[in-house]
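Subject: Structure handover

Hello,

Here is the structure you asked for, with the sequence alongside. My notes on what turned up in it follow below.

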Amino acid sequence: MKKILTATIVLLSLCLSSAIVNAEVDVEDVTVDPANPDALDTVTITATITSDDVIDDVIIRIKECDDNMCLPTENFDMTLLNGKYSITHKLTYEKATYFSYNIVTTINGTEIEAGFTNVTVTPASNGGNGGNGGDGGNGIPGFELIPLFIATLIVIFYLRRKRSR
């Protein structure tokens, strides 16, 4: 009985001592340029990422959102340049009010996420079709038909008056 108990304690000790410990990853000095982008702008995200272990890969997950929905999250590789990881990305959603990014560092096959951070975006102007008919995004649909209706009434009135002479 003592041999089984001793063997179990030794086995558990070996299991616990061989547990993989996640490396500490420090994601610091994250900058977004421009700080307050407009929709459809090109943004550059730069971060200083350090670890005691060798960093295998750094990706960034970006999703563009408005108040009602988010586009699917996209993954991009960040490049290391002068000790900083960076990426230049063109925003694509013209109605976006913010975009979120999440920096994911891979060390020894383990992904370590920093968590999503939101950046406010100014939506592109809703000019409709540029004022060439339609509602232009703000007016009453079909309002441009009123002058046509009035012109038709004037022509009908003029033709009736001419026939009555």
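Which residue pair meets in a salt bridge at 3.2 Å, N to O? The side chains of R61 and E113 do. Please bear in mind throughout that this is a predicted model.

Salt bridges

The R61 and E113 pair connects distant parts of the chain, with R61 in strand β3 and E113 in strand β8, 52 residues apart. A search of the whole structure finds two salt bridges. R61 also meets E111 through their side chains, at 3.5 Å from N to O. That pair again links distant parts of the chain: R61 lies in strand β3, residues 57-65, and E111 in strand β8, residues 110-113, 50 residues apart.

Are the partners buried or exposed, or something in between? R61 has 18% relative accessibility and therefore counts as buried, the cut-off being under 20%. E111, at 45%, counts as partly exposed. E113 is partly exposed too, with a relative accessible area of 47%. Through their shared partner, the salt bridges join R61, E111 and E113 into one network.

Overall layout

The protein has two helices and nine strands. Along the sequence they come in the pattern α-β-β-β-β-β-β-β-β-β-α. Of the 165 residues, 24% are buried. If you count contacts between residues at least 6 apart in sequence, 59% of them join residues at least 24 apart. The exposed area of the protein is about 11900 Å², and carbon and sulfur atoms supply 57% of that.

Disulfide

The structure holds one disulfide. A disulfide is a covalent bond between the sulfur atoms of two cysteines. Here the cysteines are C65 and C70, with their sulfur atoms 1.9 Å apart. The link of C65 and C70 is right-handed, with 105° about the S-S bond. What is the burial state of each cysteine? C65 counts as buried because its relative accessibility is 0%, whereas C70, at 37%, counts as partly exposed.

Surface patch

I146, F149, I150, L153 and I154 make a nonpolar surface patch of about 490 Å². One of these residues, I150, is found in helix α2, which covers residues 145-164. I150 is partly exposed, with a relative accessible area of 45%.

Backbone details

Most residues other than glycine have a negative phi, and most peptide bonds are trans. Three places in this model depart from that and can be checked directly in the coordinates.

- D33 and P34 are joined by a cis peptide bond, with omega at about 0°. P34 is in the loop between β1 (25-33) and β2 (42-51).
- N82 is not a glycine, but its phi is positive, near 55°. N82 sits in the loop between β5 (79-81) and β6 (84-90). With 74% relative accessibility, N82 counts as exposed.
- N108 likewise has a positive phi, about 55°, although it is not a glycine. N108 is located in the loop between β7 (98-107) and β8. N108 counts as exposed, at 62% relative accessibility.

Confidence

How does the predictor's confidence vary along the protein, and where is it lowest and highest? The mean is lowest in helix α1 (residues 2-17), at 57, and highest in strand β4 (residues 74-77), at 96. Over the protein the average pLDDT is 81, and 75% of the residues score at least 70. Residues 127-136 have pLDDT that stays under 50. For that stretch, residues 127-136, the model has eight contacts beyond four places in sequence. Where pLDDT is low, the predicted coordinates should not be read in detail.

In short

The salt bridges come together in one network of R61, E111 and E113. The disulfide joins C65 and C70. The nonpolar patch is made by I146, F149, I150, L153 and I154. Helix α1 has the lowest mean confidence, at 57, and the pLDDT of residues 127-136 stays under 50.

Regards

Methods: Residues are numbered from 1 along each chain as its sequence is written. This is a predicted model: local features need pLDDT of at least 70, side-chain atom pairs count only at pLDDT 80 or more; totals for chains, interfaces and linings use all residues. Side-chain values use heavy atoms; hydrogens and water are left out. A salt bridge is a side-chain nitrogen of Lys or Arg within 4 Å of a carboxyl oxygen of Asp or Glu. Helices (H or I, at least four residues) and strands (E, at least two) are DSSP runs, numbered from the N terminus. Buried means under 20% relative accessible area, exposed over 50%, partly exposed in between (1.4 Å probe, protein chains only). Contact means heavy atoms within 4.5 Å. Accessible areas come from the Shrake-Rupley method with a 1.4 Å probe; for residues, only the protein chains shown count as cover. A disulfide is a pair of cysteine sulfur atoms within 2.5 Å. Patches are made of residues with over 30% relative accessible area and no salt bridge: like charges are joined within 9 Å, nonpolar side chains (Val, Leu, Ile, Met, Phe, Trp, Tyr) within 5 Å. pLDDT is the predictor's confidence in each residue, from 0 to 100.
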